[in-house]
Amino acid sequence: RHLDEHRRSHVLCELDDCDFEGSKDAVREHRKEEHDEIEPLHVFSMDNPALLQAWLDQRRRKFPSSGNLELKRLREETRQERGAVGDTGTQHRPPVYQTHRGAR
C-alpha cells in the first residue's frame with residue numbers, strides 16, 4: 001500500500017520516448033545526466049543579496065576547475081560503460097526547448 005502511494009507521486013521523463021519515472025527531483029537529475037538538458041535561466045534582481053550569493057555559489061561549483069573537469073570525465077566514462085551515447089563532438093544534438101508542456 002505504501003509503495004502504491006509512493007509510486008503515484010512519480011512523474012515520467014517524457015523526452016525522446018524515454019520511459020524513466022521517479023520523483024520530480026530524480027527526473028530533473030535524469031534529464032540533465034541522460035538527455036543533456038540545460039536548466040532554464042532564472043532571472044532575478046541584483047538587489048536581493050541572498051539570491052545573488054546563491055547564484056555566485058552555483059557558478060563557483062560549476063566552474064571548469066581541474067576537479068570539476070575530472071568529475072565530468074568520470075561521469076562520461078560511467079555513461080559509456082552503461083552503454084549510453086557519449087558526446088563525440090561530431091554528433092551533437094541541439095537542446096530541446098519547450099515553450100509549453102508537451103511542445104517540442
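Biologist: By about how many helical turns are Glu 29 and Lys 32 separated in helix H2 (residues 24–34)?

Modeller: Helices here are DSSP runs of H or I with at least four residues, strands are runs of E with at least two, and both are numbered from the N terminus. This is a predicted model, in which local features need pLDDT of at least 70, side-chain atom pairs count only at pLDDT 80 or more, and totals for chains, interfaces and linings use all residues. Residues are numbered from 1 along each chain as its sequence is written, and side-chain values use heavy atoms, with hydrogens and water left out. Glu 29 and Lys 32 lie three residues apart in helix H2, so their separation is about one helical turn.

Biologist: What is the N to O distance in the salt bridge of Glu 29 and Lys 32?

Modeller: A salt bridge is a side-chain nitrogen of Lys or Arg within 4 Å of a carboxyl oxygen of Asp or Glu. Glu 29 has a relative accessible area of 39% and is partly exposed, the class between buried (under 20%) and exposed (over 50%), with a 1.4 Å probe and protein chains only. Lys 32 is also partly exposed, at 28%. Their side chains meet with an N to O distance of 3.4 Å.

Biologist: Which residue forms a salt bridge with Arg 7?

Modeller: Arg 7 belongs to helix H1 (residues 2–8), and its partner sits 14 residues away in strand E2 (residues 21–22). Arg 7 is partly exposed at 46%, and the partner is partly exposed at 31%. The closest N and O atoms are 2.9 Å apart, and the partner is Glu 21.

Biologist: Is Arg 79, which pairs with Glu 76, buried or exposed?

Modeller: Glu 76 and Arg 79 are three residues apart in helix H4 (residues 66–82), about one helical turn. Their side chains form a salt bridge at 3.7 Å, N to O. With a relative accessible area of 8%, Arg 79 is buried.

Biologist: How many salt bridges does a search of the whole structure find?

Modeller: Some of them share partners, joining Glu 70, Arg 73 and Glu 77 into one network. The search finds a total of eight.

Biologist: How many disulfides are there?

Modeller: A disulfide is a pair of cysteine sulfur atoms within 2.5 Å. The sulfur nearest to that of Cys 13 belongs to Cys 18 and is 4.0 Å away, and Cys 13 is in no disulfide. Cys 13 is buried at 0%, whereas Cys 18 is partly exposed at 21%. The disulfide count is zero.
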